[in-house]
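Here is an informal walk through one protein model, for someone who likes to look at the strands and helices while reading. Keep the viewer open.

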Amino acid sequence: MNIHEYQAKELLRSYGAPIPRGIVVNSPNEAREAAKELGESPFVLKAQIHAGGRGKGRYIGEPACSGVRMVKTPEEAKAAAYEMLDRPLVTKQTGPKGRIVRKLYIEAGSAIAHEYYLSILIDHTERRIVIVASDAGGMSIEDVAQETPERIHKLWIDPALGLADHQSRELAVALRLQAAQINQFADIVRALYTAFTTLDASLIEINPLVTTQNGALLVLDAKMSFDDNGLFRHKNIRELRDPNEEDPREQEAARFGLSYVGMDGTIGCMVNGAGLAMATMDIIHEEGESPANFLDVGGGASREKVGAAFRILLEDPRIEGILVNIFGGIMRCDIIADAVISACREVGLKIPLVIRLAGTNVEEGAAMIEKSGLNLTAATDLGDAARKIVAAVRARRGA
């Protein structure tokens with residue numbers, strides 16, 4: 001689960017991170033009044049969407065302005081808000097349709113001396129929390145990693161020992177911070193680490209963390225993501241969810257205990273197991289097509305779940321065919337086949353579907369598919385299944 005910048009800053013402020021004062025606004029008049037209340041010119045208005053790259057992003061239509069604007073007066077803040085609210089902003093993370101901006105966050109400008117990058121996340125390979133820092137803040141960390149990897153510093157935390165203060169200070173020295181800034185940096189890392197571990201976060205990203213002209217460190221931008229599996233422990237975090245920023249199909253999938261992520265391809269995928277889903281998407285790519293989604297129905301692929309999965313898939317008008325890849329371990333293949341057939345009849349399937357079954361009662365399941373009288377094809381080999389669905393989709397295009 002992701003939250004907005006203004007929400008992340010409020011959370012991190014409560015853990016002691018140095019956050020400049022800001023006000024979230026929903027209208028141009030509110031932007032003007034917020035600027036008056038802040039009182040210090042210039043002012044920075046930031047579009048609040050769940051996507052990075054807002055400063056380099058551009059609104060669709062005229063004026064094609066940025067998602068981060070600097071203004072000098074309350075009246076200019078009002079005028080800028082007119083141009084930024086209720087319009088789609090396109091960044092490198094939104095896709096071509098962009099995201100509608102419904103809120104702005106306004107802060108007083110800061111006298112920046114230098115920008116840094118700082119984040120905390122899980123390194124799944126090392127099975128540890130890792131702190132990543134760079135003196136090349138204010139730009140994409142991916143670009144820094146590609147162009148100047150030596151400017152990126154990583155610190156892994158032993159889960160048995162936790163974060164030690166000397167580790168933060170050593171990281172500050174690597175960033176060439178000076179004197180009192182070293183202890184300030186250590187305090188910020190401690191605040192972020194405490195928030196990360198206490199709130200079941202999966203990512204905290206500060207870009208940029210800045211030093212000001214008077215030598216102080218400030219958190220100027222903040223991004224936080226949370227592990228959905230830990231949300232039951234944090235009612236206050238659950239309440240920060242913004243349904244406007246989430247794909248309706250993902251919301252529907254979550255309601256049925258399904259894991260769904262939309263993509264840009266034309267072949268819908270329904271699989272039980274995340275690893276199997278990744279393999280299925282890879283083999284579709286190898287056959288020259290692209291998957292339209294990641295959809296994991298889990299180990300218990302019940303009729304209700306399969307029906308919900310098909311409805312979610314068929315709501316995407318780009319899907320030209322569906323590949324179902326199910327391993328019948330917990331549930332028998334004949335039960336899965338029956339659920340798929342029932343779901344296809346219920347939704348009135350009109351596009352080709354290939355189902356690959358493996359596991360218990362696979363022969364019975366394949367026979368049920370072949371005798372269903374629907375536009376379904378059974379396969380027992382994943383490569384064969386991928387070739388069949390690709391061929392069916394391309395034949396349909398030719399027709």
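What follows goes through the strands, two helices, the cysteines and the internal spaces of this model. Bear in mind that this is a predicted model.

**Strands around β7**

Let's start with β7, residues 104–108, where five of its five residues are buried. Leu 104, Ile 106 and Ala 108 point one way, while Tyr 105 and Glu 107 point the other way, and all are buried. The strand has antiparallel partners in β1 and β2. Residues 22–25 make up β1, which is joined to β7 by four bridges, and here Gly 22 sits opposite Glu 107. Strand β2, residues 43–47, is joined to β7 by five bridges, with Lys 46 opposite Tyr 105.

**Strands around β8**

Next comes β8, which also has two pairings worth tracing. One is with β9, in the antiparallel sense over seven bridges. These two strands make a hairpin with four residues between them, and Arg 127 in that turn has a positive phi of about 60 degrees. At the turn end of the ladder, look for Asp 123, whose bridge partner in β9 is Arg 128. The other pairing is with β11, residues 201–212, antiparallel again and over eight bridges. There, His 114 has Thr 211 as its bridge partner.

**A small open sheet**

Elsewhere, three strands form an open sheet in the order β3-β5-β6, with antiparallel pairing. β3 (58–59) and β6 (99–100) are at the edges with a single partner strand each, so one side of each has no neighbour in the sheet. Between β5, residues 88–90, and β6 there are two bridges; Pro 88 is matched with Ile 100 in β6.

The table puts the strand pairs together, each with one residue pair that bridges them.

| Strand pair | Bridges | Residue pair |
|---|---|---|
| β1 and β7 | four bridges | Gly 22 and Glu 107 |
| β2 and β7 | five bridges | Lys 46 and Tyr 105 |
| β8 and β9 | seven bridges | Asp 123 and Arg 128 |
| β8 and β11 | eight bridges | His 114 and Thr 211 |
| β5 and β6 | two bridges | Pro 88 and Ile 100 |

**Helix α6**

Helix α6 covers residues 180–198. At 1.5 Å a residue its 19 residues should span 27 Å, and the end C-alpha atoms are indeed 27 Å apart, so the two values agree. Its buried residues include Ile 182, Phe 185, Ala 186, Val 189, Leu 192, Tyr 193 and Phe 196. Why might such residues recur along a helix? An α-helix has 3.6 residues a turn, so residues three or four places apart point the same way.

Thr 194 is another resident of α6. Is Thr 194 buried or partly exposed? With a relative accessible area of 29%, Thr 194 is partly exposed. Thr 194 and Asn 183 are 11 residues apart in sequence and 16 Å apart in space, C-alpha to C-alpha. After the helix comes Asp 200, with a positive phi near 55 degrees.

**Helix α11 and the cysteines**

Now jump to α11, residues 333–347. The 15 residues should span 21 Å at 1.5 Å a residue, and the end C-alpha atoms are 21 Å apart, which agrees. Among the buried residues of α11 are Cys 333, Ile 336, Ala 337, Val 340, Ile 341 and Cys 344. Just after the helix, Gly 348 has a positive phi of about 70 degrees.

How many disulfides are there? The count is zero. Cys 333 is in no disulfide, and the nearest cysteine sulfur, that of Cys 344, is 16 Å away. Cys 333 has a relative accessible area of 0%, so it is buried. Cys 65, at 10%, counts as buried as well.

**Spaces inside**

A search of the whole structure turns up one cavity of 30 Å³ or more. The largest cavity has a volume of about 40 Å³, and its lining consists of His 4, Gln 48, Ile 100, Arg 102, Lys 103, Asp 242 and Glu 245. By class, that is one nonpolar, two polar and four charged residues.

The second largest pocket has a volume of about 180 Å³. It is lined by 13 residues, and the closest to its centre are Tyr 117, Ser 119, Leu 121, Val 132 and Ile 141. β8, β9, α4, β10 and β11 each supply at least two lining residues, and β8 gives the most, with four. The lining of this pocket has eight nonpolar, one polar and four charged residues.

Key. Residues numbered from 1 in each chain as written. Predicted model: local features only at pLDDT ≥ 70, side-chain atom pairs only at ≥ 80, totals over all residues. Heavy atoms only, no water. Pairing = 2+ DSSP bridges. Expected span 1.5 Å × (residues − 1). Buried < 20%, exposed > 50% of the residue type's maximum accessible area, 1.4 Å probe, protein only. 1 Å grid on protein atoms, 1.4 Å probe; cavity = no way out; pocket = protein on both sides within 12 Å on 5 of 7 lines; lining within 4 Å. Points joined across faces, edges and corners; volume = space filled by probe spheres on them. Nonpolar A, V, L, I, M, F, W, Y, C, P; charged D, E, K, R; others polar. Disulfide = S-S within 2.5 Å.
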